[in-house]
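Here are a few notes to help you find your way around this one. Have a look at the model first, then read on.

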Amino acid sequence: MLPLRLSFLAAAALLAVAGPLAAADSPGCSSGAGNVSVEPGTSGDLELAHGGLIRSYRLHLPVRYDGTSPAPLWLHVHGYTGSARHSDGWTGLSDLSDREGFVLVFPQGTSFEASTGPPGQSRNATITSWNDLACSAPLQPEAPACREDADPYPCPPECGTCGRCNWCSCHDDVGYIAALIDHLSAELCIDTDRVFASGYSNGGMFVHRLGCALGDRLAAVAPMHGYLARGFNCAAEAPGPSMLLVGGTSDRTVPIDGSHASDGYIYTSQEGVAEEWAQAQSCSAEPVAVETPWDGRRELSCVEHPGCAGERAVRSCSWNGGHVWPRDDAGNFGGELLWGFFGEAER
């Protein structure tokens with residue numbers, strides 16, 4: 001495997017945000033455990049004011065966290081209609097946090113109540129989502145992100161009106177994540193050279209955008225089962241975060257090959273995302289097979305674009321699964337795969 005030593009100089013131009021902290025060890029390292037009311041080895045729900053809203057997040061401190069040794073920070077972003085609390089239980093990442101010693105955060109997306117489903121069978125539901133830019137942007141007639149007969153989704157009220165292919169939040173989610181990293185770095189002892197972000201489904205799409213917009217804050221990003229809509233593919237300015245893409249070969253909600261999804265929407269292919277990211281990081285255009293300890297688990301296999309500048313990595317992994325978290329009878333290989341990649345990365 002290639003060692004990853006990342007050094008970021010500039011963020012992508014999708015959104016201007018605050019720059020990175022100057023030192024690798026966060027201010028929280030000089031204040032002990034800080035003011036975060038979560039005990040090591042447990043998870044708790046907390047709040048942060050941003051953009052006129054009270055935003056929430058779920059924090060898990062590893063069992064050996066002592067407030068003095070800088071710990072990596074991993075943010076994992078839930079999918080459409082998901083929640084931070086559900087992600088904590090569903091992903092199994094808290095167990096990894098306790099074993100490996102990283103601070104784990106599940107940011108919570110904004111929500112609203114809406115009626116969903118066909119006429120006569122509709123029901124009220126809590127809708128959560130992330131502003132990945134693509135699904136709240138104007139329709140591109142030359143490359144629409146959905147068919148004319150695509151399933152409609154409720155329009156977030158903060159968007160005002162939504163186009164035919166629009167369905168996700170219009171709030172300043174990128175700014176919220178930047179503020180959350182700042183807040184956690186002030187309250188906890190964080191290694192700011194080892195801040196990672198992964199996301200599932202719409203959360204994966206948003207994490208792709210985070211990699212482009214917060215390239216100088218993140219050592220690596222990992223969109224899982226989520227690729228930006230057609231026409232919105234982006235890449236971080238070099239030097240940018242390393243990227244790991246994970247997708248299921250039988251996923252019809254966000255197809256890995258860029259074909260129309262079962263609901264009529266179309267997303268960039270996993271290959272297309274990797275190619276653009278690799279080009280931006282001066283990697284080889286041709287991917288090569290790369291071995292991981294989890295090869296063969298549900299037919300998992302990975303390729304990587306070699307020769308990236310600054311020893312970055314751009315890796316794509318596929319497995320025989322649908323729109324679900326990668327696991328099998330032997331355990332949570334999805335979480336292990338992500339941490340195996342993150343564990344090599346440093347800003």
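1. What radius of gyration does the protein chain have, and what would a compact globule with 347 residues have? Keep in mind that this is a predicted model. The protein chain comes out at 19 Å, and a compact globule with 347 residues would be near 20 Å, so the two agree. Along the principal axes, the C-alpha atoms fit a box of roughly 55 × 45 × 45 Å.

2. Now for what fills that box. The protein chain has six helices and twelve strands. Of its 347 residues, 56% count as buried. Take the contacts with a separation of 6 or more: 71% of them join residues 24 or more positions apart.

3. On to the surface. About 13,500 Å² of the protein chain is exposed, and carbon and sulfur atoms supply 50% of that. As for charge, there are 20 positive and 41 negative charges, and their mean positions lie 2 Å apart.

4. Helix α1 (residues 84–91) is worth a look. Its buried residues include A84, S87, D88 and T91. They sit on the same side of α1, because the arc they cover around the axis is only 105 degrees. Exposed residues R85 and G89 are on the face turned away from that buried side.

5. What covers the buried residues of α1? Among the elements doing so are the strands β1 (43–50), β2 (53–60), β3 (71–77) and β4 (103–107), along with helix α2 (93–100). Right after α1 comes G92, with a positive phi near 70 degrees.

Technical notes. Residues numbered from 1 in each chain as written. Predicted model: local features only at pLDDT ≥ 70, side-chain atom pairs only at ≥ 80, totals over all residues. Heavy atoms only, no water. Helix = DSSP H or I, 4+ residues; strand = E, 2+ residues; numbered from the N terminus. Rg over C-alpha atoms; globule rule 2.2 N^0.38 Å. Buried < 20%, exposed > 50% of the residue type's maximum accessible area, 1.4 Å probe, protein only. Contact = heavy atoms within 4.5 Å. Areas by Shrake-Rupley, 256 points an atom, 1.4 Å probe, with all protein chains shown as cover. Lys, Arg positive; Asp, Glu negative; His and termini not counted. Charge placed at Lys NZ, Arg CZ, Asp CG, Glu CD. Arc of directions from axis to C-beta.
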